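Work through the following exercises with the coordinates open, and attempt each task before reading its solution.

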Amino acid sequence: MSLVEEIPATHAHLSDLRLRVGRWLRNRNAASELTVGDVELVLSELAANVVDHTSSPWIRIAVELPGDRVAIDIFNQSPAHMMPAVEEWGELLEGTRGRGLRIVRALCSAIVVMGDDTHTHVSCDIAILGDSAC
């Protein structure tokens, strides 16, 4: 079970995408509202970073449901070396903005950044939690 979409790299398109992903997860009864919220937040933060910090004209996302987790993949047309090392995401210094990668690090059980000089692929997993999980 997967959802794959490519959108222009704009905040307006990102908002619509976030709503479609949440609806897709809810229609499959595959995840609690808590997990759907986490997926929407992680997707928003990673995609917003593409919009705000790269010149990529597009963002491609894939969301899959492999068992007890939600797998999220975000692809864009920017150099992978622009991303800070995942190990640093929980320790990034706060400025006027900049908590997004810390949030992603806290919510995802696994994060991998791949790519080359022209493309970046971020892959992460979120455990499917019950409604009573905190």
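**Exercise 1: Ile 59 and the core**

Leaving out neighbours up to four places away in sequence, Ile 59 is in contact with Glu 5, Glu 6, Ile 7, Ala 9, Ala 47, Val 50, Val 51, Ile 74 and Phe 75, where contact means heavy atoms within 4.5 Å. The model is a predicted one, in which local features need pLDDT of at least 70 and side-chain atom pairs count only at pLDDT 80 or more, while totals for chains, interfaces and linings use all residues. Residues are numbered from 1 along each chain as its sequence is written, and side-chain values use heavy atoms, with hydrogens and water left out.

Task: state how many residues the largest nonpolar core has, and which elements supply it.

Solution. A nonpolar core is a set of buried Ala, Val, Leu, Ile, Met, Phe, Trp, Tyr and Cys residues joined through side-chain atoms within 4.5 Å; buried means under 20% relative accessible area, exposed over 50% and partly exposed in between, with a 1.4 Å probe and protein chains only. The largest such core has 34 residues, and those with the most contacts inside it are Val 21, Leu 46 and Ile 59. At least two residues each come from strand E1 (2–8), helix H1 (11–27), helix H2 (33–53), E2, strand E3 (69–76), helix H3 (100–107) and strand E5 (120–127), these elements being DSSP runs numbered from the N terminus (helices H or I, at least four residues; strands E, at least two). With nine residues, H2 gives the most to this core.

**Exercise 2: Arg 60**

Task: determine whether Arg 60 is buried, partly exposed or exposed, and which side chain it meets in a polar contact.

Solution. Begin with the location, which is strand E2 (residues 58–64). Arg 60 counts as partly exposed because its relative accessibility is 29%. Beyond its neighbours within four places in sequence, Arg 60 is in contact with Val 4, Glu 5, Glu 6, Asp 73, Ile 74 and Phe 75. Its side chain is joined to that of Glu 6 by a polar contact of 2.9 Å, a term that denotes a pair of N or O atoms within 3.5 Å, where within protein one must be able to donate a hydrogen and the other to accept it, and residues adjacent in sequence count only if both atoms are side-chain atoms.

**Exercise 3: Ser 123**

Task: find the polar side-chain partner of Ser 123.

Solution. Ser 123 is found in strand E5. Not counting residues up to four places away in sequence, Ser 123 touches Ile 72, Asp 73, Ala 110, Ile 111, Val 112 and Met 114. The polar partner is Asp 73, whose side chain makes a polar contact of 3.0 Å with the side chain of Ser 123.

**Exercise 4: Two cysteines**

Task: explain why the sulfur of Cys 124 is not in a bond with that of Cys 108.

Solution. The structure holds zero disulfides, a disulfide being a pair of cysteine sulfur atoms within 2.5 Å. Cys 108 is in no disulfide, and its nearest cysteine sulfur is that of Cys 124. The separation of the two sulfurs is 3.6 Å, which is too far for a bond. Cys 108 counts as buried at 9% relative accessibility, and Cys 124 counts as buried at 1%.
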